[in-house]
Amino acid sequence: MELANHDAGMQNMAFKYGKHMSLSHKLNVDIQPFVNDRSKDSVAFSLNSAPVVLHQKFIGREAWIRQIEEAQVKGNLLDYAKLQDAIKAGKGVTSAIDLCRFHGNRALEALACFPPSEARSALENIVYAVTRFS
């Protein structure tokens with residue numbers, strides 16, 4: 001934006017678009033293992049992903065530790081399918097989806113200052129793709 005000689009206000013809005021779009025995309029990646037029904041098998045997910053962290057927040061530390069203990073198979077090995085089912089049953093996934101859509105909407109708001117164009121439409125379509133969950 002700076003190289004194209006856009007004013008500071010337009011540069012700031014482009015930055016806001018990028019910031020919110022990247023947050024929305026990261027949330028989308030974190031959410032996928034919990035909404036993708038590709039197979040009956042457990043899909044790998046991080047214990048630091050947004051749905052997991054939000055799940056922990058909602059149920060509390062003690063309940064989360066209990067769920068981890070219940071999912072332990074042998075030693076430090078976890079039954080991720082069991083843990084994934086517990087997380088899906090809570091509010092973490094829906095809260096992460098809401099947060100993803102929030103940041104997507106903020107990205108769209110930042111684009112509103114730019115005149116209609118094919119480039120703007122393409123950026124809007126990226127937001128719609130990242131914030132749509134089936």
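Student: Where does Leu108 lie in this predicted model, and which residues beyond its sequence neighbours is Leu108 in contact with?

Tutor: Leu108 lies in helix H5. Leaving aside neighbours within four places in sequence, Leu108 is in contact with Glu124, Val127 and Tyr128. Contact here means heavy atoms within 4.5 Å.

Student: How far apart are the C-alpha atoms of Leu108 and Asn12?

Tutor: They are separated by 14 Å, and the two residues are 96 residues apart along the chain.

Student: Asn105 is also in helix H5. Why is Asn105 called partly exposed?

Tutor: The relative accessible area of Asn105 is 44%. Buried requires under 20% and exposed requires over 50%, with partly exposed in between. The value of 44% therefore makes Asn105 partly exposed. The C-alpha atoms of Asn105 and Tyr128 are 9.2 Å apart, with their positions 23 residues apart in sequence.

Student: What makes H1 and H5 roughly antiparallel?

Tutor: The axes of helix H1, residues 8-35, and helix H5, residues 92-111, cross at roughly 155°. Angles over 145 degrees count as roughly antiparallel, and H1 and H5 are therefore placed in that class. Their axes come within 8 Å, and H1 passes H5 in a left-handed crossing. Residues of H1 that make the contact include Met13, Tyr17, His20, Leu27 and Asn28, and those of H5 include Ala96, Cys100, His103, Arg106 and Ala107. By class, this contact has 16 nonpolar, five polar and three charged residues.

Student: How do you know whether His20 of helix H1 is buried or exposed?

Tutor: His20 has a relative accessible area of 6%. The limit for buried is under 20%, so His20 is buried. Leaving aside neighbours within four places in sequence, His20 is in contact with His103, Arg106 and Ala107.

Student: Asn28 is in helix H1 as well. Why does Asn28 count as buried?

Tutor: Its relative accessibility is 12%. Because buried means under 20%, Asn28 falls in that class. With neighbours within four places in sequence left aside, Asn28 is in contact with Cys100, Ala129, Val130 and Phe133.

Student: What distinguishes the classes assigned to Cys100 and Cys113?

Tutor: Cys100 has a relative accessible area of 0%, and under 20% means buried, so Cys100 is buried. Cys113 has a relative accessibility of 34%. That value lies between the limits of 20% and 50%, so Cys113 counts as partly exposed.

Student: How many disulfides does the structure hold?

Tutor: The structure holds zero disulfides. The criterion is a pair of cysteine sulfur atoms within 2.5 Å.

Student: Why are H3 and H4 called roughly antiparallel?

Tutor: Helix H3, residues 61-71, and helix H4, residues 80-89, pack at an angle of about 150°. The class of roughly antiparallel takes angles over 145 degrees, and H3 and H4 therefore belong to it. Their axes are 8 Å apart. H3 passes H4 in a right-handed crossing.

Student: Which residues meet where H3 packs with H4, and how do they divide by class?

Tutor: Trp64, Gln67, Ile68, Glu70 and Ala71 in H3 meet Lys82, Leu83, Ala86 and Ile87 in H4. The residues of this contact divide into six nonpolar, one polar and two charged.

Terms used:
Residues numbered from 1 in each chain as written. Predicted model: local features only at pLDDT ≥ 70, side-chain atom pairs only at ≥ 80, totals over all residues. Heavy atoms only, no water. Axes fitted to C-alpha atoms, helices over the stretch in contact; angles between N-to-C directions. Helix = DSSP H or I, 4+ residues; strand = E, 2+ residues; numbered from the N terminus. Parallel < 35°, antiparallel > 145°, perpendicular 65-115°, else oblique. Left-handed = near helix turned anticlockwise from the far one by under 90°. Nonpolar A, V, L, I, M, F, W, Y, C, P; charged D, E, K, R; others polar. Buried < 20%, exposed > 50% of the residue type's maximum accessible area, 1.4 Å probe, protein only.
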